[in-house]
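Here is a brisk tour of the structure for the bench. Keep the sequence and the 3D view open as you read.

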Amino acid sequence: MKSIILQTATRYLLPILLLFSFFLLFRGHNSPGGGFVGGLVAAAAYALYSIAFGVEEAKKLLRIEPVYLIATGLMFALISGMIAFFSFDTFMTGKWSDFNFPLFGKLGSPLLFDLGVYVVVIGITLKILFTISEEVKP
Amino acid sequence: MLLFSVLSGIFVACLVPFLFKLGRKPGSLIISLVPLSLFLFYLFNFGISDNLGYYESFDFFPALGVNLNFVMDSYALIFALIITGIGTVVFFYSSYYLAENPYLDRFYIYILVFMASMLGIVISDNMVIMFIFWEFTSISSFMLIGFKHREEKSRYSAWQALLVTGSGALALLAGILLLYLITGKMNFSEINSMPQIIQSSTLFLPAMFLVLGGAFTKSAQMPFHFWLPNAMEAPTPVSAYLHSATMVKAGIYLMARINPAFQGAIEWETTLSVFGGITMLFAAYMALKQIDLKRILAYTTLSVLGTLTLLIGIGTPAAMQAMIVYLIAHALYKGTLFLVAGAIDHGTGTRNIDEIGGLKKFMPITAIAATLAALSMAGVIPLFGFIGKELLYEAALEHSLVDYATFGAVFFAALFGVVAAGMSGIFPFFGKAKYPNEKPHEASFIMTTGFVITAFLGLLFGLVPMLVSDNVAKATSDVYYNLPLAVGSSMQLALWHGFNSVLFLSLGTLALGIGILMFRAKLFPIIRKINLPEFLQPSKAYDVSTAILIGSARLTTKILQNGYLRNYITLILLTLLLLTSYSLFAFSDLSVISLYYPVTFYEITIAVIISISAVLVIKSSGRLQAVAALGVVGIFVAIIFSIYGAPDLALTQYSIETLTVILFVLVIYKLPKFLNYSKFSHRLQDFVLAALVGLTMTILILMVTANELPPEFKDYYGQTSYILGKGRNIVNVILVDYRALDTLGEIVVLSLAALGVFALLKLKKDDGDSI
């Protein structure tokens, strides 16, 4: 299924969708969005790419094996919970910076947690997607 | 400080792969410094400078009273020093013993985790935290017993150890919870100060037996003993460390640690004495029947575990003191003998005692260490084992001048112990030289240094008992409720107790034991022939019950998961239907439902579109159409979400629908043509089920909307979300902050699902290890 129109459109859509997924991730704390949706959108971007160019191309574009994304994301989530240990608080106590960063606003451990969810969701979706689309190759 | 000392092992375990990048030898030597530095840390901070009683507490789960409370008293210190001390020897020893093993890095990871969790057990004051570490030791033991995982027998033994100790641990957890119900306390230090309250409670006996269920399985008391000899499948350093010196003593540790709370109760003392006594005697006899060096040592270890349990059961201050001395002596000599067995195996290629003899010519250093350890095990003056045996006899005599059974059991167990010491530590090295294959060779310097040190410590503590005397006395008062001060300070250890009945008993045991060994050529064949009756071999019961377990698992799988997707869905929906409608009709008031809602035009439109697409899904003759129609249903559900003010939900639903359709298309694209196999009767059945589920869900939703949530919930989140969570989107703040632990659990489950898909589709049987 090679379609010039789809391929050309995908080339422009992919970065926009990824940017949009970041946007969803970071606005999530104050408005609708968040790591889960963001991750799904990013995964959908790669899914679109793999439909337009084939799974092999999508894998090449991603560069990293999705399982590592899953592991990294889980690690982020775990570390975000452990940040509180440094001030002798219990696991998963939210910690926030006292000042605002440009663009992001306040940074804190829940944001890292959300980032972890984002990465895990991308990893999971793509792992399933790649595995299934390879398996059914006759 | 204590928390860090416990966690350092786990921390280094995470670094093992990187340390091994430096090379196997340097890596393993650096790792071996961990137990050594911990040993020195405990020795200097608590052993020499008197910091005992140091208490440390961090919040962990304060709402349930589960906090990281650690305490270092004399009793814990003795264990901590044994764990790190024997650990140091074993870690260095393994770096040579397993030098050629390709999985040496894994070995160090498991054993580091084990050491850390064992330390966690002995210095935790909180019972639940102790329990968590307890489970960690079971798991690391499982990994280490199954270390040669390509061998059927290793895997069987590993499973057995895990199942036996694991089910015991469940009992222990229940016991801990019962103790919590009785006292409302979670810490040993608090529980131990209220024996009257505990022993007068109706829950006392259940709690006691449940705790004992954990302790007996872990410390391999009869009838749960069978996993320990099988655990000898593990590499020898592991047997020396886990299955002799430390992990199997966790049960003993627990029984003594909790002794002040149960002390004086007749049920407690009787149970411990009976089970301990039987284990002690029968295991000692079983040891004589073995020809494998490691199995002899395993059964004598069992016998010692029985002795320690018996001593706690006797329960006098003298018995507790004897227990602690015996424990230290045993860790030293048995650790040595196991490592010697490994060296013999390494040097000659066999562990069969009938095939080896006179090895002292080839392995002189090993022979010295083995002799010292064996003499300590036999209780020969002036070794530390002698003091232990004297105290044991004293405690048994004091307890039971009338109770000849206890005394007789102790005597015979000690006698068999002497014989086993000769078999395992003396005869392989003396007498006529014999060895099966090529010429035996001495073990390398680092290997021998370790067990020579432990062997000589046995001699040193025997000659200069003042070194440990104070600590033993203090530890005795740690595990005894309200020990009178005069009794405590009078309990000094000494090598020479004068000419009394105990001394003659010791000498008599020794003489008889040597007598048996002299006539071993005639006696051993007879001993090996006498088999224990069936009911003393409960490993058969284990085999039968695991067979039943596996059989019933297979049966339920066959019924519930028969490989037909439609049956899964039918089953899931049926369960949902039954449970929901039962609670709906049994417990709820259906009259609150009102059927009069104002309906708007667009709601009707959405409902019509959803219904049409649903019909299309059923009616379509191709897969692609069905999936597309299903997608339409999903998207319109999402529209409902956005209309009713749940933008987060709607957003997620849109993306999920999109991805599901993509996944479906990817699969369907390559499947064979759609065929309709189902009969009319099936369809009718499915229709009825679907209709009923739909109806139930409708009623359920009407009920939910009729009973509005109390406004406090919304207000609470609305008010605190920005202040506590620094976010205005309540849904997201709940997900990543209020309920982050739940979310963490969910993403872990999702990850496992992805790995499951991968495993189902990709892993072939012949792929071996690789993932």
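## A crossing of helices

H6(B) and H25(B) are roughly perpendicular to each other. This is a predicted model. Helix H6 covers residues 152-183 of chain B, and helix H25 covers residues 539-560 of chain B. The two pack at an angle of about 90 degrees, with their axes 12 Å apart. Angles from 65 to 115 degrees count as roughly perpendicular, so H6(B) and H25(B) earn that label.

From H6(B), the contact uses Tyr156(B), Trp159(B), Gln160(B), Leu163(B) and Val164(B). From H25(B), the contact uses Tyr542(B), Asp543(B) and Thr546(B).

## A parallel pair

Helix H12 (residues 249-257) and helix H15 (residues 293-314), both of chain B, pack at an angle of about 5 degrees. Their axes are 10 Å apart. That angle makes H12(B) roughly parallel to H15(B).

H12(B) brings Lys249(B), Ile252(B), Met255(B) and Ala256(B) to the contact. H15(B) brings Leu305(B), Leu308(B), Thr309(B) and Ile312(B).

## The nonpolar cores

The largest nonpolar core has 204 residues. Tyr42(B), Tyr241(B), Trp268(B) and Met323(B) have the most contacts inside it. Helix H16 (residues 317-348) of chain B gives the largest share of this core, 20 residues. Apart from it lies another core, of 40 residues. Among its members are Leu14(A), Ala52(A), Phe113(A) and Leu659(B). In soluble globular proteins, nonpolar side chains tend to be buried together.

What does Trp268(B) touch, leaving aside residues up to four places away in sequence? Its partners are Met208(B), Leu212(B), Met255(B), Ile258(B), Asn259(B), Phe262(B), Gln263(B) and Ile312(B). Two of these names also appear in the parallel pair: Met255(B) on H12(B) and Ile312(B) on H15(B).

## Two helices of chain B

Helix H19 (residues 404-426) of chain B has 23 residues. From its first C-alpha to its last, H19(B) reaches 32 Å, close to the 33 Å expected at 1.5 Å a residue. Of the 23 residues of H19(B), 17 are buried, so the helix is largely enclosed by the rest of the structure.

Helix H30 (residues 680-706) of chain B has 27 residues. At 1.5 Å a residue, H30(B) should span 39 Å, and its end C-alpha atoms are 39 Å apart, which agrees. Which residues of H30(B) are buried? They are Leu689(B), Val693(B), Thr696(B), Ile699(B) and Met703(B). An α-helix has 3.6 residues a turn, so residues three or four places apart point the same way. Helix H26 (565-587) of chain B is included in what covers the buried residues of H30(B).

## A hairpin in chain B

Strand S1 (residues 54-61) and strand S2 (residues 66-72) of chain B pair in the antiparallel sense. The pairing runs over six bridges. In S2(B), Val71(B) is the bridge partner of Tyr55(B).

S1(B) and S2(B) form a hairpin, with four residues between them. In the turn, Gly65(B) has a positive phi of about 75 degrees.

## Unusual backbone in loops

The loop between helix H9 (204-218) and helix H10 (227-230) of chain B holds Pro223(B). A cis peptide bond joins Met222(B) and Pro223(B), with omega about 5 degrees. Ala220(B) lies in the loop between H9 and H10 of chain B too. Phi of Ala220(B) is near 55 degrees, a positive value in a residue other than glycine. Is Ala220(B) buried or exposed? Ala220(B) is buried, with a relative accessible area of 0%.

Arg63(A) also has a positive phi, near 70 degrees, and is not glycine. Arg63(A) sits in the loop between helix H3 (55-62) and helix H4 (66-82) of chain A. At 79% relative accessibility, Arg63(A) counts as exposed, because the cut-off for exposed is over 50%.

## Chain A as a whole

Chain A has five helices and zero strands. Its C-alpha atoms fill a box of roughly 55 × 30 × 20 Å along the principal axes. Of the 138 residues in chain A, 47% are buried. Take the contacts in chain A between residues at least 6 apart in sequence: 65% join residues at least 24 apart.

Tyr68(A) is found in helix H4 of chain A. At 54% relative accessibility, Tyr68(A) counts as exposed. Tyr68(A) and Val120(A) are 52 residues apart in sequence. In space they are 9.2 Å apart, C-alpha to C-alpha.

Technical notes:
Residues numbered from 1 in each chain as written. Chains lettered and ligands numbered in written order. Predicted model: local features only at pLDDT ≥ 70, side-chain atom pairs only at ≥ 80, totals over all residues. Heavy atoms only, no water. Core = buried A, V, L, I, M, F, W, Y, C linked by side-chain atoms within 4.5 Å. Buried < 20%, exposed > 50% of the residue type's maximum accessible area, 1.4 Å probe, protein only. Contact = heavy atoms within 4.5 Å. Pairing = 2+ DSSP bridges. Expected span 1.5 Å × (residues − 1). Axes fitted to C-alpha atoms, helices over the stretch in contact; angles between N-to-C directions. Parallel < 35°, antiparallel > 145°, perpendicular 65-115°, else oblique.
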